[in-house]
Amino acid sequence: MTEDTITPETKIQKPKWLRVKLPVGKKYTELRNVVDKYKLNTICTSGSCPNMGECWTEGTATFMILGNICTRSCGFCGVKTGRPETVDWEEPEKVARSIKLMNIKHAVITSVDRDDIKDGGSIIWAETINAIRRANPTTTLETLIPDFQGNKTNIDRILAVAPEVISHNLETVRRLTREVRIQAKYDRSLEVLKYMKDQGQRRTKSGIMLGLGETEAEVIETIQDLANAKVDILTIGQYLQPSKKHLPVKEFITPEQFAKYKEIGEKMGFKYVESGALVRSSYKAQRHLV
């Protein structure tokens with residue numbers, strides 16, 4: 001190998017354990033047809049989630065609210081950055097209707113960051129949860145929320161409508177936070193998670209991505225920080241680069257290493273730890289309710 005072939009742009013080849021099975025099954029086909037017919041917006045399809053077939057078969061889907069343009073420019077995320085559109089106050093009913101049409105048993109709701117508005121989007125968040133409950137009284141809910149800049153008034157709006165699970169992702173280790181989550185703060189995210197648990201939220205959840213250059217010691221420290229914040233559910237997955245403009249993958253973590261982190265997390269007291277290359281925030285989300 002010559003020096004010319006060793007460059008920062010050299011792309012690491014994906015290992016065999018990252019191969020994804022094509023979605024199959026009657027339930028998946030039915031939901032796919034409903035989504036296409038009514039042009040429903042799910043992160044599952046727009047984000048090309050590798051677990052879409054598995055989740056849909058089990059009656060779980062993820063929806064994104066507050067538009068598709070984020071006020072933050074995180075180095076890992078494929079969502080567009082810029083000036084968001086005006087808040088759509090009819091969105092809560094649209095999402096509720098989509099969930100009813102898809103006959104979803106467990107819905108995960110997420111959103112872009114809306115630092116451009118005073119309430120951070122928390123009012124729409126609360127309205128959406130209430131609308132879903134009115135239209136789908138048997139559907140359980142997980143909300144994957146932004147940090148709301150640590151504003152407790154905005155966080156309290158989510159707590160007040162009491163989704164079964166509230167999730168906020170730490171995403172990466174402390175050292176890499178400034179590079180990976182440019183406008184976010186490691187400790188602020190931990191404070192949000194701990195505050196929700198201290199206020200009585202029954203289930204809290206967080207997730208991290210690996211392969212961005214973190215060390216094993218840093219990952220273990222991060223898992224311990226989340227345990228100290230009283231987080232109930234932890235997801236650990238492999239970072240995959242959305243485009244050439246995003247942060248490159250530094251390493252593909254082996255299944256054995258993911259298994260090791262799962263064991264470490266379980267020993268620290270988490271109720272559930274999902275750890276694997278294809279694990280994403282909402283992976284097996286319906287199983288985290290018990």
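Modeller: Quick ground rule before we start: two strands pair if DSSP finds at least two bridges between them. This is a predicted model, where local features need pLDDT of at least 70, side-chain atom pairs count only at pLDDT 80 or more, and totals for chains, interfaces and linings use all residues. Residues are numbered from 1 along each chain as its sequence is written, and side-chain values use heavy atoms, leaving out hydrogens and water.

Biologist: So what makes β8 and β9 a pair?

Modeller: β8 (residues 233-238) and β9 are joined by 4 bridges in the parallel sense, and at least two are required, so they pair. One bridge links I236 to S275 in β9.

Biologist: And why are β1 and β9 called edge strands?

Modeller: The open, parallel sheet has 7 strands, ordered β1-β4-β5-β6-β7-β8-β9. β1 (60-65) and β9 (272-275) each pair on one side only. Strands here are DSSP runs of E, at least two residues; helices are H or I, at least four.

Biologist: How do you know which strands α9 touches?

Modeller: Contact means heavy atoms within 4.5 Å. Helix α9 (residues 216-228) touches β7 (204-210) and β8, its direction making about 170° with that of β7. Angles run from 0 to 180 degrees between N-to-C directions, with axes fitted to C-alpha atoms, for helices over the stretch in contact.

Biologist: What makes up the contact of α8 with α9, by class?

Modeller: There are 4 nonpolar, 1 polar and 1 charged residues. Y186, L190 and L193 come from α8, and T222, D225 and L226 from α9. Tyr and Leu count as nonpolar, Asp as charged, and Thr falls among the others, so it is polar.
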